[in-house]
Amino acid sequence: MLGSLAAGVGSLALVQYLSRYRGDAGATWFMASLAIQAVPAFAYGGGLLLFDPAWRAFAEAFVWIGLAWIGPLFLGFALEYTGRGEAVRSNWFRLLFVSPVGTTLLALTHPFHDLLWRGFRLAPVLDLATVLYTIRPWGYVAVGITLATAGVGVLLMLETILSYGPLYRREAVAVAL
């Protein structure tokens with residue numbers, strides 16, 4: 001729990017630090033991906049303290065919201081950073097945001113359907129409010145899209161390392177990690 005909350009604080013601290021680079025290529029996308037990364041970190045860490053099922057499910061919804069947005073935002077950063085900014089302005093790239101928008105809507109309306117998860121129940125471990133549930137097909141699609149987009153972003157960063165050599169190596173490796 002403390003690790004998750006610390007990750008959220010660390011992500012926001014990085015956003016604050018990087019704010020001075022806002023005008024640089026990809027900086028806004030990177031700050032957005034770090035800021036949204038803080039959402040599931042705080043939601044999960046805080047959710048472990050919520051034993052009321054409704055509040056715990058609400059926290060879990062924010063875990064899903066954050067996870068759904070990280071990949072496409074990171075891909076936007078990688079495209080801008082590696083000089084492929086025109087791709088970010090394409091309709092194909094905009095289409096990638098159907099998944100996080102849909103996941104956000106499904107997560108926020110979770111009490112009224114089981115389209116994202118089903119069978120949500122508390123399963124406490126070590127006095128923490130862990131949960132069990134069955135992920136529904138949309139959840140797998142959302143996870144697949146966020147992992148695929150983040151993976152492409154990492155590959156773009158690795159390609160940058162190989163192309164530019166040692167000039168940007170340290171920065172690109174840090175970002176990819």
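# Reading a predicted helical model: salt bridges, cores and loops

Guide: A search of the whole structure finds three salt bridges. The model is a predicted one.

Visitor: Where should I begin with salt bridges, and which side chains meet Glu60 in one?

Guide: The general idea comes before the case. Side chains of opposite charge can pair when their charged atoms come close. Here, Arg56 and Glu60 form such a pair, at 2.9 Å from N to O.

Visitor: How many residues apart are Glu60 and Arg56 in helix H3?

Guide: An α-helix has 3.6 residues a turn, so residues three or four places apart point the same way. Glu60 and Arg56 are four residues apart in helix H3, so about one helical turn separates them.

Visitor: Is Arg56 buried or exposed?

Guide: Arg56 is buried, because its relative accessible area is 0%. Glu60 also counts as buried, at 6% relative accessibility.

Visitor: Which side chain does Arg89 meet in a salt bridge?

Guide: Arg89 meets Glu80, with 3.2 Å from N to O. Arg89 counts as exposed at 51% relative accessibility, while Glu80 counts as partly exposed at 21%.

Visitor: And what is the partner of Arg84?

Guide: The side chain of Arg84 meets that of Glu159, with 3.2 Å from N to O. This pair links distant parts of the chain: Arg84 sits in the loop between H3 and helix H4 (85–88), Glu159 sits in helix H7, and their positions lie 75 residues apart in sequence. Arg84 counts as partly exposed at 26% relative accessibility, and Glu159 is partly exposed at 33%.

Visitor: Now the cores. Which residues touch the most other members of the largest nonpolar core?

Guide: In soluble globular proteins, nonpolar side chains tend to be buried together. The largest nonpolar core here has 18 residues, and Phe30, Phe77, Leu79 and Phe93 touch the most other members. Helices H1 (2–18), H2 (27–47), H3 (53–81) and H7 (137–164) are the elements that give two or more residues to this core. H3 gives the most, with seven residues.

Visitor: What does Leu79 touch, leaving out residues up to four places away in sequence?

Guide: Leu79 touches Arg84, Gly85, Ala87, Val88, Phe93 and Leu156. A second, separate core has eight residues, including Ala57, Leu106, Ala107 and Trp117.

Visitor: How do I check the length of a helix, and what should the 28 residues of H7 span?

Guide: Use the rise of 1.5 Å a residue: H7 should span 40 Å, and its end C-alpha atoms are 40 Å apart, which agrees.

Visitor: Which residues of H7 are buried?

Guide: The buried residues of H7 are Gly139, Ala142, Thr146, Thr149, Gly153, Leu156, Met157, Thr160 and Ile161.

Visitor: Where is Ser11 found, and what does Ser11 touch beyond four places in sequence?

Guide: Ser11 is in helix H1. Ser11 counts as buried because its relative accessibility is 4%, and the cut-off for buried is under 20%. Beyond four places in sequence, Ser11 touches Leu34, Gln37 and Ala38. The C-alpha atoms of Ser11 and Ile135 are 27 Å apart, with the two residues 124 residues apart along the chain.

Visitor: Which residues form a nonpolar patch on the surface?

Guide: Leu50, Trp55, Phe58 and Leu108 form one, with about 390 Å² of accessible area together. Leu108 lies in helix H6 (residues 98–108) and is partly exposed, with a relative accessible area of 41%.

Visitor: Turning to backbone angles, what is the phi of Leu126?

Guide: Leu126 has a positive phi of about 50° although it is not a glycine. Asp127, also not a glycine, has a positive phi of about 60°. Leu126 is in the loop between S1 and S2, as is Asp127. Leu126 counts as exposed at 79% relative accessibility, and Asp127 is exposed at 70%.

Visitor: Is Thr130 buried or exposed?

Guide: Thr130 is buried, with a relative accessible area of 18%. Thr130 lies in the loop between strand S1 (117–122) and strand S2 (131–135). Leaving out residues up to four places away in sequence, Thr130 touches Leu48, Arg56, Arg121, Leu122, Ala123, Pro124 and Val125. One of these, Arg56, is the salt-bridge partner of Glu60.

Definitions and conventions:
Residues numbered from 1 in each chain as written. Predicted model: local features only at pLDDT ≥ 70, side-chain atom pairs only at ≥ 80, totals over all residues. Heavy atoms only, no water. Core = buried A, V, L, I, M, F, W, Y, C linked by side-chain atoms within 4.5 Å. Buried < 20%, exposed > 50% of the residue type's maximum accessible area, 1.4 Å probe, protein only. Contact = heavy atoms within 4.5 Å. Expected span 1.5 Å × (residues − 1). Patch = residues over 30% accessible without salt bridge, like charges linked within 9 Å, V, L, I, M, F, W, Y side chains within 5 Å. Areas by Shrake-Rupley, 256 points an atom, 1.4 Å probe, with all protein chains shown as cover. Salt bridge = Lys/Arg side-chain N within 4 Å of Asp/Glu carboxyl O.
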